[in-house]
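Please walk through this structure with attention to its surface, beginning with a single aromatic residue and moving on to the charged pairs.

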Amino acid sequence: EDQWAPSDRLEVRRGLRTLAAGPRGTAWMPRLGVQYEVVPRVTLSLGAGRSAQAIHSLRDEESLAASLVAYDLLAGVPEEIGLTEAEDVVVGAAWSGARTSLRVDAYAKRFTRLPIAPTPDELLEAPVIVTEGFVEGEGGAHGFEIQGQHRLAKAEVTLSYSYLEATRTVEGRSYAPRFARRHTV
């Protein structure tokens, strides 16, 4: 990773990681972040990167009972699927006053080689833990977040709102995952 500040108002961070996961493959994961102070107290930012992972949860988030299980059981991504990879980009703006600050970020993320549990014929029959039969899928998410903070003497009040649209695609069929929350305050 490297950080470069060509001026007092511009900062650039860049980096490169690699993940070698044997038979699951190797992934190169570049990332870049740029922050620019437009005027005092107002900053614009842009970030992008690629990530990969060799493990996944055995908990089927589409199961109605999955919400009752507090812990994840993790296992290696099936070798035939390979490393799960994601690419994301985030664009943001921030303003900070003496006691108040506001931040807005918009983002988009794309997932490939997601191990997704097979869909049962009856939704109520979906098990919470799935150990085999995963199919390769794709996914995506985009949305925005707004966060405001205000300091009152020794206390701080924070209010945030986020909007999310998420999709999963398996064998040409797209759907919104059950765990996605469109609006969060």
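Phe144 is found in strand β9, and the model in which it is seen here is a predicted one. With a relative accessible area of 31%, Phe144 counts as partly exposed, because that class covers the values between the buried limit of 20% and the exposed limit of 50%. The value also matters for what follows, because residues enter a patch only with over 30% relative accessible area and no salt bridge.

Which residues form a nonpolar patch on the surface together with Phe144? The partners are Trp95, Leu102, Val104 and Ile146, and the five residues together have about 400 Å² of accessible area. Two elements, β8 and β9 (135-152), each give two or more residues to this nonpolar patch.

From the nonpolar surface we can turn to the charged side chains, for the structure holds eight salt bridges. One of them involves Glu1, which forms a salt bridge with Arg13, where the closest N and O atoms are 2.4 Å apart. This pair links distant parts of the chain, since Glu1 belongs to the segment before β1 (2-4) while Arg13 sits in strand β2 (residues 10-20), twelve residues apart. Glu1 counts as exposed at 61% relative accessibility, whereas Arg13, at 36%, counts as partly exposed.

Glu1 also meets the side chain of Arg31 in a salt bridge, with an N to O distance of 3.0 Å. Because Arg31 lies in strand β3 (residues 26-39) and Glu1 in the segment before β1, this second pair ties together parts that are 30 residues apart in sequence. Arg31 is itself partly exposed, having a relative accessible area of 29%.

Another salt bridge brings together the side chains of Arg110 and Glu87, at 2.3 Å from N to O. Arg110 lies in strand β8 (residues 100-116) and Glu87 in strand β7 (residues 84-96), so this pair ties together parts of the chain that are 23 residues apart in sequence. Both side chains belong to partly exposed residues, Arg110 with a relative accessible area of 47% and Glu87 with one of 23%. Returning to the other two pairs, salt bridges that share partners join Glu1, Arg13 and Arg31 into one network.

Strand β8 thus appears in both parts of this account: β8 is among the elements that give two or more residues to the nonpolar patch, and β8 also holds Arg110, the partner of Glu87.

Terms used: Residues are numbered from 1 along each chain as its sequence is written. This is a predicted model: local features need pLDDT of at least 70, side-chain atom pairs count only at pLDDT 80 or more; totals for chains, interfaces and linings use all residues. Side-chain values use heavy atoms; hydrogens and water are left out. A salt bridge is a side-chain nitrogen of Lys or Arg within 4 Å of a carboxyl oxygen of Asp or Glu. Helices (H or I, at least four residues) and strands (E, at least two) are DSSP runs, numbered from the N terminus. Buried means under 20% relative accessible area, exposed over 50%, partly exposed in between (1.4 Å probe, protein chains only). Patches are made of residues with over 30% relative accessible area and no salt bridge: like charges are joined within 9 Å, nonpolar side chains (Val, Leu, Ile, Met, Phe, Trp, Tyr) within 5 Å. Accessible areas come from the Shrake-Rupley method with a 1.4 Å probe; for residues, only the protein chains shown count as cover.
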